[in-house]
Amino acid sequence: MMGDLTPRARRPWRAVPAAIAASSLLLLAACSGESEEGGAGLDNTEASMTDFAADQQFKATEPVDFSILWTDWPELPIKDSWQLFDEIEKRTNVTLQPTNIPFSDATEKRSLLISAGDAPQIIPLVYTGEDAPFVSSGAVLPMSDYVDLMPNFQKYVEEWDLGDMIDNLRQDDGKYYMVPGLQEVSVPVFSMIIRKDVFDEVGAEVPETWDELRVALEKIKAKHPDSKPLADGFEGQSMLNYAAHAYGTVAGWGSGNGTFWDEGAGEFTYAATSDGYKEMVEYFHGLVEDGLLDPETLTTTSDGSVNELSEKVANSAVYAASGASGTVAEFQLALQEADPDAEFELVQIAPPGGPAGQVVEPRNFWHGFMLSAEAKDDPHFVALVQFLDWLYYSPDAREMLRWGVEGETYTKDADGTITIDPDYSLDAYNINPDAKTDLAKDLGFSTFLAESTESRALKESYNSDQFVEYMDRVLESRTPRDPFPPAPLDDAELEQASLLATPLKDTVDTNTLKFILGDRPLAEWDDYVTELEGQNLQGYLDLINGAQQRFAEKN
């Protein structure tokens, strides 16, 4: 074990009497890839509930301890005094025993622990696809074998129409090894934030397309010639990500493995060689060339890049920029500090449409969890799965993880409206900022566990009115792109694909920015494609397409 992995003080493990094996719905059995040794045949049922059902309070029949890997954010270190752990124990008879890892290298430390067989039972903060490296070694459990023990998960997969997306989690063996956080509605976290008051000033409408945005930027530039009115602030990765869907491609943060599914051809192609990708690059190059897009914000790599962007917004050098709901608050603060009497309106707009239509990213899951292989040897294994089904997917648990204890830290009206108690704050969302006790820092609520699964109502309960309006606009006016078909690689293919994908991506990232900034002429586009082909691009595509065809035939 590594010296800086600090377990919370542990209680002795308790011996508990055997209980009858849990029974549950088999709603997902047909599409879960369930093996013959699925949840129904398990005999390690101590402390489990006999008739555990959806929307029912889970409570172990005897006190039990379960270990969990806990990531510490620098601004939110874990505390033994957090009410969160006490409340979970009070409701469920479960004591969580965290092993702490720092956020700075959490992914690396998690991998080392899993590979060495030293990981705690519960491995949270796992995004889709992050289970793949651990499948062949058997270091984590195939969760699809145990969804018959998870009635809440099954219920909300069905009610929120997520079954096809769950199928896309499957690895080469037809099973999935992580269960994700479920989102009733999904909208892009990052899009564009505009100074609507300035758009109004120059007679520009809120842009619905990238072409309309260019017209608006030209009007702002004419009124404010010293500005470069559009900016990114995330090395171009954010803007390229949400712009790419409108051009029928993927880019930036959303590039994934670099491929794009060609429905007509029935195969994956390489996104960064497509006509749509080239058209997108030409568009942004034109903005830079005409002084409409700030090139500094595409290349800044320092940790302070977002702060620098806020300064540009505050100094009226930028009037539209990439960001999330939290970025809106940062821009507001910067503008108010620059001029306490300033009047302005910041609006997060739906990602603009383009040649491919009013298209945004596919519906997404959020982070979920895996279970270490050793967890199955615990005599309380069924109780562990039931507990996690409650914690991750029960509405009561989700509300507790976000808001704390009803009647103490918050109240809820008959219509479901949640109001935080005046004595408590939620600083991350600027709610009751003057209160002395913060739900997250002081009590442990609204930490990463609260993010995973959310109904629309819960998501709206803590977000600003402005973000709720943004969410409504996206859901009403944009169409999520269809997800690509699964193409899971086996262990040998994963290694080979990694060796090929890394230099390809480096070439794409480097030359995309060069083309946009004018450091490489667009006339050399064909040369750039030839360079990618020289890095065995076709061999990489053959790997991905071979995996897709094999998976389709097997499933």
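Reader: How much surface does the protein chain expose, and what share do carbon and sulfur atoms supply?
Author: The protein chain exposes about 23,600 Å², and 48% of that comes from carbon and sulfur atoms. Keep in mind that this is a predicted model.

Reader: OK, and what about charge? How many positive and negative side chains are there?
Author: There are 39 positive and 100 negative side chains. The centres of the two sets lie 3 Å apart.

Reader: Switching to overall shape: what box do the C-alpha atoms fill?
Author: Roughly 75 × 60 × 45 Å, taken along the principal axes.

Reader: And how does the radius of gyration fit with a compact globule?
Author: The chain has 25 Å, and a compact globule with 555 residues would have one near 24 Å, so the two agree.

Reader: What's inside, then? How many helices and strands, and what percentage of residues is buried?
Author: The chain has 18 helices and 18 strands. Buried residues make up 53% of the 555.

Reader: Let's zoom in on helix H17. Which residues are buried there?
Author: H17 covers residues 525-533, and Trp525, Tyr528, Val529 and Leu532 are buried. They sit on the same side of H17, because they cover an arc of only 100° around the axis.

Reader: What do those buried residues pack against?
Author: Strand E9 (267-270), plus helices H8 (275-289), H16 (491-517) and H18 (537-554).

Reader: And which exposed residues does the face turned away from the buried side carry?
Author: Asp526 and Glu533 are the exposed residues on that face of H17.

Key. Residues numbered from 1 in each chain as written. Predicted model: local features only at pLDDT ≥ 70, side-chain atom pairs only at ≥ 80, totals over all residues. Heavy atoms only, no water. Helix = DSSP H or I, 4+ residues; strand = E, 2+ residues; numbered from the N terminus. Rg over C-alpha atoms; globule rule 2.2 N^0.38 Å. Buried < 20%, exposed > 50% of the residue type's maximum accessible area, 1.4 Å probe, protein only. Areas by Shrake-Rupley, 256 points an atom, 1.4 Å probe, with all protein chains shown as cover. Lys, Arg positive; Asp, Glu negative; His and termini not counted. Charge placed at Lys NZ, Arg CZ, Asp CG, Glu CD. Arc of directions from axis to C-beta. Contact = heavy atoms within 4.5 Å.
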